[in-house]
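Here is a short report for a reader who is meeting this structure for the first time. Keep the view open while you read.

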Amino acid sequence: IPILISGDVGSGKSHLVNHLSRRPESSDFDQKRTKKFKCNSRSSSLDFWGSLRSELVWSSAKSIYVPRGNTKLHILVEDIHLVDVSDQQLNSVAEMLRWTSHVNELFDFNTYARKDIAHVNFIVTCNSKLSNLNSRLTSHFFLHHYQYATFNSQVSIFTQLLGCFFNYAHPTNQSNSLFTNQTFTQAIVALTAELQTSLKSTFVGTQERSLYLFTLRDISTIFRSLCLILDPNCSVKDFVQLWNHEVYWLYEHKLINYNDTLLFRQLKTRLIHKYFDSSVLKNYLTQP
């Protein structure tokens, strides 16, 4: 069944699809593969056909296109809303997807004929609302709206992850660990989550600020790095200094001018004073 996933920028749509595509499944196929087609304003149905054709072979016995080898093919079409529409208000990639998912046929640009295909499934992502897409396309897809994780959800998820690594996974070290206080762990997670939420609303992406994308992958990278690099019995000083280092490289390092950098540092300092009272911790968290 073809799937169309819509949602906010950075909500994790592509990450979810990539994760599911790697999961093994019990079927008659040896394996399954994923082919990505990243859309942009210049994408066309011819580009889409060229990307798809490289993954297919013609079966003369069945007179049908099938994936290479004994595989099942998932075509991930990312950001279909970026494709420019024609004068007839048509999106050529979307129209090709609509026809293919409806009758399991592809238009072969080499022979100018329709050819049957099999064992191919389409997964489409879209950052805009579904109302911006042609209803002729959406009627052939299973629709799912993927919501951006709320602030409370982010705090709950990453607090439990840090707690499991620094406390519960090493119960013999709890007497020496400075992370047994859940208030500290929850405060550092809440600080990071609110910092990212504020950055999303403050720094709006433009043509010159194309890198100003703050996604769930950024915040998860921060806490994953903390768990991978630090020892569970590390000091609070090592913890907050590494946190400060990761925040710098993921957020501040991508800012393109001094004014944006200054605004980021002011925002970060304000949130540190909001969540922490200790002057020692404040000093560690604000050090460059």
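Val 77 sits in strand β5. In this predicted model, Val 77 has a relative accessible area of 0%. Buried means under 20%, so Val 77 is buried. Leaving out residues up to four places away in sequence, Val 77 touches Phe 37, Cys 39, Phe 48, Leu 97, Ile 123, Val 124 and Thr 125.

Take the last of those contacts, Thr 125. Thr 125 lies 48 residues from Val 77 along the chain, yet their C-alpha atoms are 6.3 Å apart. Strand β8 holds Thr 125. Thr 125 has 0% relative accessibility, so it counts as buried too. Its contacts, again without residues up to four places away, are Ile 5, Lys 13, Ser 14, Leu 76, Val 77, Glu 78, Asp 79 and Ile 80.

**The sheet**

How are the strands of the open sheet ordered? The five strands run β2-β5-β8-β1-β9, and their pairing is parallel. β2 and β9 (142-146) stand at the edges. Each has a single partner strand, so one side of each is left without a neighbour in the sheet. From one strand to the next, the twist averages 20 degrees. Helix α2 (residues 45-53) packs on this sheet. Helix α2 touches β2, β5 (71-78) and β8 (120-126). The direction of α2 makes about 155 degrees with that of β2.

At one end of the order, β1 (residues 3-7) and β9 run parallel and are joined by five bridges. Within this pair, Ser 6 stands opposite His 145 in β9.

**Two hairpins**

Other strands pair in the antiparallel sense. The table sets out two such pairs.

| Strands | Bridges | Facing residues | Residues between strands | Positive phi |
|---|---|---|---|---|
| β3 (residues 56-59) and β4 (residues 64-67) | four bridges | Trp 58 and Tyr 65 | four residues | Ser 63, near 50 degrees |
| β6 (residues 105-108) and β7 (residues 113-116) | four bridges | Glu 105 and Asp 116 | four residues | Tyr 112, about 55 degrees |

Tyr 112 lies in the turn of the hairpin formed by β6 and β7. Ser 63 belongs to the hairpin of β3 and β4.

**The largest pocket**

How much space lies in the largest pocket? The value is about 1100 Å³. Its lining has 34 residues. Val 9, Gly 10, Ser 11, Gly 12 and Thr 215 lie nearest the centre of the pocket.

Which elements supply the lining of the largest pocket? α1 (13-22), β2 (31-38), α5 (151-168) and α7 (216-229) each give at least two residues. α1 gives the most, with five residues. By class, the lining has 12 nonpolar, 13 polar and nine charged residues.

**The whole chain**

Now step back to the full protein. The chain has 10 helices and nine strands. Its length is 288 residues, and buried residues make up 45% of them. Consider the contacts with a separation of 6 or more: residues 24 or more positions apart account for 72% of these. The contact between Val 77 and Thr 125 is one example, with their places 48 residues apart along the chain.

Conventions: Residues are numbered from 1 along each chain as its sequence is written. This is a predicted model: local features need pLDDT of at least 70, side-chain atom pairs count only at pLDDT 80 or more; totals for chains, interfaces and linings use all residues. Side-chain values use heavy atoms; hydrogens and water are left out. On a 1 Å grid over the protein atoms alone, a cavity is a set of points where a 1.4 Å probe fits but cannot get out, and a pocket is an open set with protein on both sides within 12 Å along at least five of seven lines; lining residues have an atom within 4 Å of a point. Grid points are joined across faces, edges and corners, and a volume is the space filled by probe spheres set on the points. Ala, Val, Leu, Ile, Met, Phe, Trp, Tyr, Cys and Pro count as nonpolar, Asp, Glu, Lys and Arg as charged, and the others, Gly among them, as polar. Two strands pair if DSSP finds at least two bridges between them. Axes are lines fitted to C-alpha atoms, for helices over the stretch in contact, and angles run from 0 to 180 degrees between N-to-C directions. Contact means heavy atoms within 4.5 Å. Buried means under 20% relative accessible area, exposed over 50%, partly exposed in between (1.4 Å probe, protein chains only).
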